[in-house]
Amino acid sequence: MNSGQGWGWGRGNFASNGEQIYFTGANQNGERITYSGGSGYGGMMSASLPCASCHGTDSRGGEHTMHMDFMDAPDIRYLALNSEEEYEEEGGHDGEYDLETFRQAVVNGQHPDGDSLDRDMPRWAMSDQDLSDLLDYLKTLP
């Protein structure tokens with residue numbers, strides 16, 4: 001988390017709209033970001049699902065086991081999304097991970113090469129501004 005802010009998990013405790021979305025699943029206007037899909041097993045999903053629930057407070061992802069269901073959430077820091085290894089895993093796309101590529105993943109559940117993301121990844125109904133703010137937040141993470 002940037003500058004240690006946001007640990008209060010309440011409105012106004014985050015450095016940016018993107019950070020608030022990442023940690024709470026709601027934007028700075030108090031609007032909950034809705035989603036569909038995702039893992040229905042083991043109670044991993046709930047009505048209030050922020051990105052941090054699966055990808056962690058540092059966005060590095062990791063393995064989760066709940067009620068005998070296993071999920072491996074990827075590292076979604078901007079640096080990781082743009083690593084050469086990630087390019088190879090996603091079909092060798094050229095250039096940086098941009099807003100449109102990010103939209104394909106978050107909203108449509110698709111890798112840049114068109115393959116579907118894992119079924120555990122929800123499909124988010126985000127405004128263009130919220131999506132852009134979330135990507136900008138991920139760019140700030142080391």
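A contact means heavy atoms within 4.5 Å. The legends below describe a predicted model.

**Figure 1. The whole protein combines helices and strands.**
The protein has six helices and four strands. Along the sequence, these elements run α-β-α-β-β-α-α-α-β-α. The protein counts 142 residues, and 42% of them are buried. Take the contacts between residues at least 6 apart in sequence: 44% of these join residues at least 24 apart. The exposed surface comes to about 7600 Å². Carbon and sulfur atoms supply 47% of that surface.

**Figure 2. Helix α1 is mostly covered.**
This view centres on α1, residues 17–24. How many of the residues of α1 are buried? Eight of its eight residues are. In sequence order they are Asn17, Gly18, Glu19, Gln20, Ile21, Tyr22, Phe23 and Thr24. Which helices do these buried residues pack against? Their partners are α2 (52–55) and α6 (128–139). Gly25 comes just after the helix. Its phi is positive, at about 80°.

**Figure 3. Cys51 and Cys54 are both free of disulfides.**
A disulfide is a covalent bond between the sulfur atoms of two cysteines. The structure holds zero of them. Cys51 is in no disulfide, and the nearest cysteine sulfur, that of Cys54, lies 8.8 Å away. Why is there no bond from Cys54 to Cys51? The two sulfurs are too far apart for a bond, because 8.8 Å separates them and a disulfide needs the sulfur atoms within 2.5 Å. Are these cysteines buried or exposed? Cys51 has 14% relative accessibility, so Cys51 counts as buried. Cys54 has 11% relative accessibility, so Cys54 counts as buried too. The cut-off for buried is under 20%.

**Figure 4. Helix α6 packs against α1, α3 and α5.**
Twelve residues form α6. From its first C-alpha to its last, the helix reaches 17 Å. That is close to the 16 Å expected at 1.5 Å a residue. Which residues of α6 are buried? They are Asp130, Leu131, Asp133, Leu134, Leu135, Tyr137 and Leu138. These buried residues pack against α1. They also pack against α3 (78–81) and α5 (99–106). The packing with α1 appears in Figure 2 as well, where the buried residues of α1 pack against α6.

Methods
Residues are numbered from 1 along each chain as its sequence is written. This is a predicted model: local features need pLDDT of at least 70, side-chain atom pairs count only at pLDDT 80 or more; totals for chains, interfaces and linings use all residues. Side-chain values use heavy atoms; hydrogens and water are left out. Buried means under 20% relative accessible area, exposed over 50%, partly exposed in between (1.4 Å probe, protein chains only). Accessible areas come from the Shrake-Rupley method with a 1.4 Å probe; for residues, only the protein chains shown count as cover. The expected span of a helix is 1.5 Å times one less than its number of residues.
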